[in-house]
Amino acid sequence: MKRKYLIAAVCCLALGITACSSKTAESSAADTTVTAEAKPAPEDPAKAEGTGKEENSKKESGEEGNEEAGENAKETAAETEAEKKIVTGQVEKVDKTVITISGHDDLEYQVDLKDAETRSSLEVGEGDEIQVIFLDDGGEVKQAESYDILTSAAIEGDMDPVIAGVIKDASMNSIVIEAASGKSYTFSTMIAQKVTGDKGIMVGENVEITYLGSLDQGVALRVITEEGSGDAEATYNALLGTLVSYSDSAVTIQAADGSSFTFALDDSVDMETFEIGDELEITYGGSLTKQSAVAEDVDYQ
């Protein structure tokens, strides 16, 4: 009997130990799971670096955008402050591309014509009536957007245009001058009346050229150097050519370059003594450009 109780007691003890062991294992597993869930996973270094770069890039991009927006705002403000003005007046001085204008508003302006648009084929000169559009930014010298020569002193009245400058180069039938604006112009002198004194045409000497039509045509009618300006020949216009035709009211000659010029005849001129083909010198007044030239005297060359 005692043996039976002893065996039963041993069985109960074994069951109790097994149950405690199972409970302890479950508790440890649960603790491990909780610990694993509570501990954050380590961050991937490459991913972290990429995220940091992205954030820095966004920041830099934002700063650049702000800087660009700021610059645009400054430019817009500057343009707003610079008022566009239209000034009409007389050219008082020419210093290369900068001209001084005495405006009709009784104010004086200095305007730089460099890169300005124009419809005029004439060189700007002192005494010209001019209209200029520029941005008034408060500076002493204004930058012109465009200009128009309303009245040119070079062709004032019934005369051919005139330009003054310094001789930069010359050959038998051409001349290159630099005008006050700093621009260079080339002219053919094949038919030009040359009044040059004893030295002839010399590089570096001041010169005044009367030309036909526009500067683009580049045909000189008269070349008067500084030394020759005191000669009697500098006081009148003359053109040489071969007599092509004539009538009681007009005469036509062909110049050395093949161009034909027709002159109205002054009442004092008698053409009866000349024949077709004669080499003549015609002294004239008026303008060949405007085809209003009048032959005041006709003589053999």
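Lys84 is exposed, with a relative accessible area of 52%. Exposed means over 50% relative accessible area, buried means under 20%, and partly exposed lies in between (1.4 Å probe, protein chains only). The model is predicted: local features need pLDDT of at least 70, side-chain atom pairs count only at pLDDT 80 or more, and totals for chains, interfaces and linings use all residues. Residues are numbered from 1 along each chain as its sequence is written, and side-chain values use heavy atoms, leaving out hydrogens and water.

**Salt bridges**

Side chains of opposite charge can pair when their charged atoms come close. A salt bridge here is a side-chain nitrogen of Lys or Arg within 4 Å of a carboxyl oxygen of Asp or Glu. The structure holds 4 of them. The table gives three, including the one made by Lys84.

| Acidic partner | Basic partner | N to O distance |
|---|---|---|
| Glu145 | Lys84 | 3.4 Å |
| Asp148 | Arg119 | 2.8 Å |
| Glu227 | Lys199 | 3.8 Å |

Take Glu145 and Lys84, which meet in a salt bridge. Glu145 sits in strand β6 (residues 141-151) and Lys84 in strand β1 (residues 83-95), so the pair ties together parts that are 61 residues apart in sequence. Glu145 is partly exposed, at 33% relative accessible area.

Asp148 pairs with Arg119. This pair also links distant parts of the chain: Asp148 is in strand β6, and Arg119 is in the loop between β4 (117-118) and β5 (129-136), 29 residues apart. Arg119 is exposed, at 74% relative accessibility.

Glu227 pairs with Lys199. Glu227 lies in the loop between β12 (219-225) and β13 (237-246), and Lys199 in the loop between β10 (193-195) and β11, so the pair ties together parts that are 28 residues apart in sequence. Glu227 is partly exposed, at 31%.

**The whole chain**

The protein chain has 2 helices and 17 strands. Helices (H or I, at least four residues) and strands (E, at least two) are DSSP runs, numbered from the N terminus. Of the 301 residues, 31% count as buried. A contact means heavy atoms within 4.5 Å. Among contacts in the chain with a separation of 6 or more, 56% join residues 24 or more positions apart.

**Two buried residues**

Val251 lies in strand β14 (residues 250-254). Val251 is buried, at 0% relative accessibility. Leaving aside neighbours within four places in sequence, Val251 contacts several residues, among them Leu243, Phe261, Phe263, Met271 and Ile282. The C-alpha atoms of Val251 and Phe263 are separated by 5.4 Å, yet the two are 12 residues apart along the chain.

Thr210 is in strand β11 (residues 206-212). Thr210 is buried too, at 10%. Not counting residues up to four places away in sequence, Thr210 touches residues including Asp160, Val162, Val219 and Arg222.

**Two loop residues with positive phi**

Asp106 is not a glycine, yet its phi is positive, about 65 degrees. Asp106 is in the loop between β2 (98-103) and β3 (108-112). Asp106 is exposed, at 72% relative accessibility.

Gln291 has a positive phi as well, near 55 degrees. Gln291 is found in the loop between β16 (279-285) and β17. Gln291 is exposed, with a relative accessible area of 72%.
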